[in-house]
Amino acid sequence: MKYLALSFVAALVGLPALAADRVAVPRPANFVSAEDWGSRPDPIPDERRHTPQFVTLHHAGVRWTIDRDPVEFIRNMQAWGKRRPEIEEPPRNTFWADLPYHFLIAPDGRIFEGRSLDYEPESNTKYDLAGHLGVELMGNFEEQRPSPAQVESAVRLVAWLVAKFDLTLEAISTHAKVADGQTSCPGRDFNRYMEGSPSQFEKWVGQVLRGEELMIDLGPPLEEGPTELITESTKPTE
Ligand SMILES: [Zn+2]
């Protein structure tokens, strides 16, 4: 009874309006579970447990070419994280028991499950990691453009996470915003969709949350920005 009264008052002042306008958001269809791609994480210490509060977007920062295999890319990243103490110089020589990101999105739109949502991510930059869910898009958007399928998967994944953890659109951010001055990640050709309030990306997520048809138009290349589409990027000829 007490809760009923509280929620009635909250409704009067408009507090829970956001959640009330939302439809149930399904997990995106092109999802590849950690088990399905053969993830082999080490245990993460309990002190790294967190409560998800933000969804933070990244790019890999490595130019993608069409000869690459996303599964191999992820397996190599996971193996590298565990070998950092042996192969990296300080301060990058910390042990990463699992992938630094919670999800990784391939140019074809497949969403690979990474680190467990129960644990904070890893980073080579300095910011308070607790609460952040890291979503990485493969590619380097300083040099190439994301594919429509990849952006659509990012939007549907972020909408699913926002709904699942009852977050607001303000919880959606980028690595460059949370680690101010330390990185341009996720690159200028993705950051363009993250600028303004609400940003284009937030508008797309809002369409999914309201159960509307998702209308993604990536627009023309930026002036002086990359023109190469990630799904057409080939290795340089020697
Ligand atoms: Zn990043």
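## Elements and the annotated span

Helices here are DSSP runs of H or I with at least four residues, strands are DSSP runs of E with at least two, and both are numbered from the N terminus. By that naming, Pro198 has its place in the loop between α7 and α8, the latter covering residues 200-209. The model described in this report is a predicted one.

According to its UniProt record, an unreviewed entry, residues 29-179 carry the annotation "domain: Peptidoglycan recognition protein family". Within that span, 28% is helix and 15% is strand, and the C-alpha atoms at its two ends lie 31 Å apart.

## The sheet

Six strands make up an open sheet with mixed pairing, and their order across it is β1-β4-β3-β5-β2-β6. The edges are formed by β1, residues 31-32, and by β6, each of which pairs on one side only. At the β1 edge, two bridges connect β1 with β4 in a parallel arrangement, and Phe31 has Ile111 of β4 as its bridge partner. Helix α5 packs on this sheet, where it touches β2, β3, β4, β5 and β6, and its direction makes about 170 degrees with that of β5.

Strand β2, residues 54-59, is linked to neighbours that both run parallel to it: six bridges join β2 to β5, residues 132-137, while three bridges join β2 to β6, residues 172-174. On the β5 side, Val55 stands opposite Leu133, and on the β6 side Thr56 stands opposite Ser173. Because five of its six residues are buried, β2 is largely enclosed by the rest of the structure. In a regular strand, side chains alternate between the two faces of the sheet.

## Helix α4 and its kink

Helix α4, residues 70-87, has a kink of about 45 degrees at Gly81, a position shortly before the proline Pro85. Gly81 is also among the buried residues of α4, together with Ile74 and Gln78. The cover over the buried residues of this helix includes helix α3 (34-37) and the strands β3 (103-105) and β4 (111-113), of which β3 and β4 also appear among the strands of the sheet.

## Packing of α5 against α8

Besides touching the sheet, helix α5 meets helix α8: their axes come within 9 Å and cross at roughly 65 degrees, in a crossing that is right-handed. The residues involved on the α5 side are Val155, Arg156, Val158, Ala159, Val162 and Ala163, and they meet Phe201, Trp204, Val205, Val208 and Leu209 of α8.

## Val178 in helix α6

Val178 belongs to helix α6. With 19 other C-beta atoms within 10 Å, Val178 counts as partly exposed, because burial requires 20 or more. When neighbours within four places in sequence are left aside, its contacts are Thr56, Tyr127 and Ser173; two of these, Thr56 and Ser173, are the residues that stand opposite each other between β2 and β6. The C-alpha atoms of Val178 and Glu142, residues that are 36 apart along the chain, are separated by 18 Å.

## Backbone details worth checking

Two peptide bonds that lead into prolines are cis. The bond from Cys185 to Pro186 is cis, with omega near 10 degrees, and Pro186 is found in the loop between α6 (175-178) and α7 (188-191). A cis peptide bond also joins Ser197 and Pro198, with omega at about 0 degrees, and this proline lies in the loop between α7 and α8.

Positive phi values occur at two residues other than glycine. For Asp166, phi is near 55 degrees; this residue lies in the loop between α5 (148-164) and β6, and Asp166 counts as exposed because 12 C-beta neighbours lie inside 10 Å, where the limit for that class is 12 or fewer. For Glu224, phi is near 65 degrees. Glu224 lies in the segment after α8 and is likewise exposed, with 6 other C-beta atoms within 10 Å.

Key:
Residues are numbered from 1 along each chain as its sequence is written. This is a predicted model: local features need pLDDT of at least 70, side-chain atom pairs count only at pLDDT 80 or more; totals for chains, interfaces and linings use all residues. Two strands pair if DSSP finds at least two bridges between them. UniProt positions are given in the numbering used here, feature names are shortened, and annotations may be inferred rather than shown by experiment. The bend at a residue is the angle between axes fitted to the seven residues ending there and the seven starting there. Two residues are in contact if their C-beta atoms, placed from the backbone, lie within 7 Å. Axes are lines fitted to C-alpha atoms, for helices over the stretch in contact, and angles run from 0 to 180 degrees between N-to-C directions. A crossing is left-handed if the near helix is turned anticlockwise from the far one by less than a right angle, and right-handed if clockwise.
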